[in-house]
Amino acid sequence: MLNLHDALKQADIDPALKEVLDTIASTCKSIGGKLRGGALSGVYGSESSENVQGEVQKKLDVVANALLKHALLNNRHVAGVASEEEDDVIGGGDEGRYLVTFDPLDGSSNIDINVSVGTIFSILPSPKPGSQITMDDFLQAGHQQVAAGYVLYGPAITLVLTTGQGVDMYALDYDGDFYQTHANISVPDSTQEFAINMSNQRFWEEPMQAYVGDLLLGEDGPIGKRFNMRWVASMVAEVHRILTRGGIFMYPWDKRDPAKPGKLRLMYEGNPMSFLIEQAGGAASTTRMPIMDVQPKQIHERVSVVLGAKEEVARVDQYHQNA
Ligand code: AHM
Ligand code: MG
């Protein structure tokens, strides 16, 4: 079986990028180790601190963030990192050619209840290797990403990765190595499964209400087919389901806080997941434009997210066309 190290060795990508990916994979093994131990690891529960987004940090958010930050900043190819759990970007080695953004533990409301969580990462080229980075260097649209992926900590620990040449999946074996289980994953164009937090329905824009209303009408409605619904409250698990058996995931803008264009963050949630989904033949939209075309203005910027089966994402866009 092909392990991650050999798969990367065979891939036609910059050796420095391979080293960065190796660092992320091995750090995620350590994070997975903490999760495996559950309450025994002493990492359940919340810290007294809040992150820059005003969310209470879980202990494991802080631990996962520290592990990734430390490992990446010690990799000479990393020019800087940005994390959901850090206020500002952090500079790495002056010679580094890559910037890494990450959500160290996505879906962290699921940690204490032992439901799937994940680490999401996105790798961008550093625009000016050889000099200290600033936040502006990170503000690149998603189509500039050179690699992206996630590690899902579920019943199995699974790494899903793209370097712009399709999407491959790896599982962590007992011997501590990731082995490839699926190559060139593809998302079916159509689906009968959707994921959205229905409790926000009254806060959505009218076109989103109309679209989901029509999904719920099933075979008697204008879409003409019956839909199933899933909501794990962990984007990594939702995207993993879509890459495995298809579907559409939505976290649209809502008027709970009109100043925020959605709940999910562009640079370490929206963009990397969009890169994976598009590389697998699916689509990713804000309802108005492709997510990866959004020009970021700040590192923790939020975005409206609709991604998955091409046909269904196009239908959502259509509902929003005249809005
Ligand atoms: P987090 O990064 O603070 O964990 O928040 C992101 C998560 C996503 O994983 C998930 O899709 C969404 O927030 C769940 O939101 P909700 O609380 O509305 O179910
Ligand atoms: Mg998150």
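These legends walk through several close-up views of one predicted protein model with a bound ligand. Because the model is predicted, local features need pLDDT of at least 70 and side-chain atom pairs count only at pLDDT 80 or more, while totals for chains, interfaces and linings use all residues. Residues are numbered from 1 along each chain as its sequence is written, chains are lettered from A and ligands numbered from 1 in the order in which they are written, and side-chain values use heavy atoms, leaving out hydrogens and water.

**View 1. Two domains face each other.** The protein chain splits into domain 1 (4-182) and domain 2 (193-321), with bounds that come from an automatic or database domain assignment. Their C-alpha centres lie 23 Å apart. Across the divide, 48 residues of domain 1 are in contact with 31 residues of domain 2; contact here means heavy atoms within 4.5 Å.

**View 2. The largest nonpolar core.** A nonpolar core is a set of buried Ala, Val, Leu, Ile, Met, Phe, Trp, Tyr and Cys residues joined through side-chain atoms within 4.5 Å. Buried means under 20% relative accessible area, exposed means over 50%, and partly exposed is in between (1.4 Å probe, protein chains only). The largest such core has 40 residues, and Tyr150, Leu243, Phe249, Met273 and Leu307 have the most contacts inside it. Among the elements giving it two or more residues are β3 (78-83), β7 (147-153), α6 (235-245), α7 (266-279) and β17 (305-308). Helices (H or I, at least four residues) and strands (E, at least two) are DSSP runs, numbered from the N terminus. Domain 1 and domain 2 both chip in residues, so this core lies between them. Apart from it sits another core, of 36 residues, including Leu8, Leu17, Val20 and Ile157.

**View 3. Zooming in on Phe249.** Which residues does phenylalanine 249 contact, leaving aside neighbours within four places in sequence? They are Ala195, Trp231, Met235, Glu238, Ile242, Leu264, Val305, Val306 and Leu307.

**View 4. Helix α6, mostly under cover.** Of the 11 residues in α6, 9 are buried. The buried set is Met235, Val236, Ala237, Glu238, Val239, His240, Arg241, Ile242 and Leu243. Just after α6 comes glycine 246, with a positive phi of about 90 degrees.

**View 5. Ligand 1 and its surroundings.** There are 17 residues around ligand 1, the closest being Asp106, Gly107, Asn197, Met235 and Tyr251; a residue is near a molecule if one of its heavy atoms lies within 4 Å of it. Three side chains each bring a polar atom to an oxygen atom of the ligand: aspartate 106 at 2.8 Å, lysine 263 at 3.0 Å and glutamate 84 at 3.1 Å. Taken alone, ligand 1 exposes 470 Å², and the protein buries 85% of that. Those accessible areas come from the Shrake-Rupley method with a 1.4 Å probe; for residues, only the protein chains shown count as cover.

**View 6. His300, tucked into a loop.** Look for histidine 300 in the loop between β15 (283-285) and β16 (302-303). Is histidine 300 buried or exposed? With a relative accessible area of 10%, histidine 300 is buried. A polar atom of its side chain lies 2.9 Å from the backbone oxygen of glutamate 86 and one lies 3.1 Å from the backbone oxygen of aspartate 87. A polar contact is a pair of N or O atoms within 3.5 Å; within protein, one must be able to donate a hydrogen and the other to accept it, and residues adjacent in sequence count only if both atoms are side-chain atoms. Not counting residues up to four places away, histidine 300 also touches Val52, Gln53, Ser83, Glu84, Arg265 and Tyr268, among others.

**View 7. Ser304 and Thr287.** Serine 304 sits in the loop between β16 and β17 and is buried, at 9% relative accessible area. For its side chain, a polar atom lies 3.1 Å from the backbone oxygen of threonine 286 and one lies 3.3 Å from the backbone nitrogen of tryptophan 253. Threonine 287 is among the residues in contact with serine 304. Threonine 287 belongs to the loop between β15 and β16, counts as buried at 6% relative accessibility, and has a positive phi of about 90 degrees although it is not a glycine.

**View 8. Asn114, out in the open.** Asparagine 114 lies in the loop between β5 (98-106) and β6. At 64% relative accessibility, asparagine 114 counts as exposed. Asparagine 114 has a positive phi too, of about 60 degrees, without being a glycine.
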